[in-house]
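Student: I would like to learn how to read structural features one at a time. Where should we begin?

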Amino acid sequence: MATPANGTSPQVYARIAGLLYIVLIIAGALGEIFIRGRLAVPGDAAATAGNILGSPSLWRLGIAGDLVMHVCDVFVMWALYLLLRPVSRNLALLNLLLNLIQTAVLVANKIILLVPLFLLGDAAYPKAFDQAQLQAWSYLAIKLHDYGFGIGLIFFGCVCLLEGYLIRTSRYLPKLIGVLMQIAGACYLINSFALLLAPHLEARLFPAIMVPCLLAELSLALWLLIRGVDEAEWRKRAGMGSPASAVGV
């Protein structure tokens, strides 16, 4: 289960996960709400294209910020795996794999956001098409990104359900946070499947259905950063008798 010679406290991994989780939340909000939400005008391809052309660096900043977010996400996954594997190594590994798939989907999805920059830029090849076509295709790329994001969150919904279970049964993290994470998982799944199967319903649910998700993830991040885990209980679950023992990587 662990390598006592490593000598690293589980609280270190809790702080890493908590701090980077907050970075994830902030970076995600900046990219999705304050950058794309500001530049992309729902239902108006021409206005969206004009906004992107007027602020191409801001659009690129949103993409770069998202990629930084996904890099941080890998470290959060790693730290949470180390923290949760004393509950069940197999379930913690499954949780890690589902989270990796989610992140891989979202990283690949970012390539689609480069399409408007290529189509609306000064290169010669897009000039074979008229302006309205280029604007429409650029807007289509942004819509495809929205759907790709929803598909990635299907896997993250499963992560939240499983992670919530591991937290609830851990005895070294609050059960309430585990419950909140499972509620968040259900909300992510409902929202993503509604986007795919009933877009008009999803438009009515969003963004209210994301509030429990923000509450759960922010609660987990802050708890890990400020309080960490009950180290004595963690060591007990990990089968470590000596206080000098710690997490093995």
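Tutor: Begin with K110, which lies in the loop between α4 and α5 (115-120). Helices (H or I, at least four residues) and strands (E, at least two) are DSSP runs, numbered from the N terminus. This is a predicted model, in which local features need pLDDT of at least 70 and side-chain atom pairs count only at pLDDT 80 or more, while totals for chains, interfaces and linings use all residues. Residues are numbered from 1 along each chain as its sequence is written, and side-chain values use heavy atoms, with hydrogens and water left out.

Student: Is K110 buried or exposed?

Tutor: The classes rest on relative accessible area: buried is under 20%, exposed is over 50%, and partly exposed is in between (1.4 Å probe, protein chains only). K110 has a relative accessible area of 3% and is buried.

Student: Which residues does K110 touch, beyond those up to four places away in sequence?

Tutor: Contact means heavy atoms within 4.5 Å. On that count K110 touches I63, D66, L67, H70 and H145.

Student: How should I read charged pairs, and how many salt bridges does the structure hold?

Tutor: Side chains of opposite charge can pair when their charged atoms come close. The criterion for a salt bridge is a side-chain nitrogen of Lys or Arg within 4 Å of a carboxyl oxygen of Asp or Glu. The structure holds five. E32, R36, D66 and K110 are linked in a network of them.

Student: Which pairs make salt bridges with R36?

Tutor: One partner is E32, with an N to O distance of 2.9 Å. Both E32 and R36 lie in helix α1, four residues apart, about one turn of the helix. E32 is partly exposed at 28% relative accessibility, while R36 is buried at 7%. The other partner is D66, at 2.6 Å, N to O. R36 lies in helix α1 and D66 in helix α3, so this pair ties together parts that are 30 residues apart in sequence. D66 counts as buried, at 1% relative accessibility.

Student: Where in the structure do R235 and E231 lie?

Tutor: Both are in helix α10, four residues apart, about one turn of the helix. Their side chains meet in a salt bridge of 2.5 Å, N to O. R235 is buried, with a relative accessible area of 9%, and E231 is partly exposed at 23%.

Student: Now the nonpolar interior. Which residues touch the most other members of the largest core?

Tutor: A nonpolar core is a set of buried Ala, Val, Leu, Ile, Met, Phe, Trp, Tyr and Cys residues joined through side-chain atoms within 4.5 Å. The largest one has 47 residues, and Y21, M181 and L224 touch the most other members. At least two residues come from each of α1 (10-39), α3 (56-84), α4 (89-109), α6 (131-168), α7 (175-197), α9 (211-226) and α10 (231-238). The largest share, 10 residues, is from α3. Leaving aside neighbours within four places in sequence, Y21 is in contact with V76, F156, M181, E217, L220 and A221. Another core, of 13 residues, lies apart from the largest one and includes I35, A49, I63 and L113.

Student: How many disulfides are found, and why do C158 and C187 not form one?

Tutor: A disulfide is a pair of cysteine sulfur atoms within 2.5 Å. A search of the whole structure finds zero. The closest cysteine sulfur to that of C158 is in C160, 9.4 Å away, too far for a bond. For C187 the closest is in C213, at 4.8 Å, also too far for a bond. C158 is partly exposed, with a relative accessible area of 30%, whereas C187 counts as buried at 11%.

Student: What should I look for in the backbone?

Tutor: Most residues other than glycine have a negative phi, and most peptide bonds are trans. Here R171, which is not a glycine, has a positive phi of about 70°. R171 lies in the loop between α6 and α7 and is exposed, with a relative accessible area of 53%. The peptide bond from F206 to P207 is cis, with omega near 10°. P207 lies in the loop between α8 (199-205) and α9.
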